[in-house]
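Dear colleague,

I am handing over the structure below, and after it I set out what was found. Please read the notes with the model open beside you.

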Amino acid sequence: YWLWPNVTLNVLPGDGNYGVFYMFPVDADTTIQHFEFYFRDSTPTARQEVIRWWESQKKQRVQQEKTP
C-alpha cells in the first residue's frame with residue numbers, strides 16, 4: 001500500500017509481519033530507500049529472520065550497483 005507521496009506499507013506473508021519503506025528523492029536520478037520491519041513478537045521466528053536477511057541482501061545489491 002502506498003501512503004502518498006513517499007511511504008509504502010508492505011504486508012508480508014505470515015502472522016504479524018509488515019515492513020515500512022520510505023523513499024527520499026535526492027535528485028532526478030537518485031532515490032534513497034530506508035526500510036524497517038515490524039513483527040508482533042520481540043524475538044523473530046526463523047521465517048522472519050529469512051525475510052530480514054533477504055531484504056538486507058537486496059539492499060546491499062542495490063548499494064553495490066550504485067557504487068562506481
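Which residue takes a positive phi in the hairpin of S2 and S3? That residue is Gly14, with a phi near 105 degrees, in a hairpin that has 5 residues between the strands.

Before going further, please note that this is a predicted model, in which local features need pLDDT of at least 70 and side-chain atom pairs count only at pLDDT 80 or more, while totals for chains, interfaces and linings use all residues. Residues are numbered from 1 along each chain as its sequence is written, and side-chain values use heavy atoms, with hydrogens and water left out.

The strands (DSSP runs of E, at least two residues, numbered from the N terminus, as are helices, which are runs of H or I of at least four) are a convenient place to begin. Strand S2, residues 7-11, runs antiparallel to S3 and is joined to it by 5 bridges, where pairing requires that DSSP finds at least two bridges between two strands. Within this pair, Asn10 stands opposite Gly19 of S3. On to the next pair: S3 and S4 are also antiparallel, with 10 bridges, and a hairpin links them through 2 residues. Here Pro25 stands opposite Thr31 in S4.

The largest nonpolar core (buried Ala, Val, Leu, Ile, Met, Phe, Trp, Tyr and Cys residues joined through side-chain atoms within 4.5 Å) has 7 residues, namely Leu12, Phe21, Met23, Phe35, Phe37, Phe39 and Ile51. S3 and strand S4 (30-39) each supply at least two residues of this core, and its largest share, 3 residues, comes from S4. Leaving aside neighbours within four places in sequence, Leu12 is in contact (heavy atoms within 4.5 Å) with Asn17, Tyr18, Gly19, Phe37 and Ile51.

Tyr18, which lies in strand S3 (residues 17-27), has a relative accessible area of 36% and therefore counts as partly exposed, the class between buried, under 20%, and exposed, over 50%, with a 1.4 Å probe and protein chains only.

Gln48 is found in helix H1, residues 46-66, and is classed as buried because its relative accessible area is 7%. Not counting residues up to four places away in sequence, Gln48 touches Asp15, Asn17, Phe39 and Thr43. Gln48 and Asp15 are 33 residues apart in sequence, yet their C-alpha atoms are 9.9 Å apart in space.

With best regards
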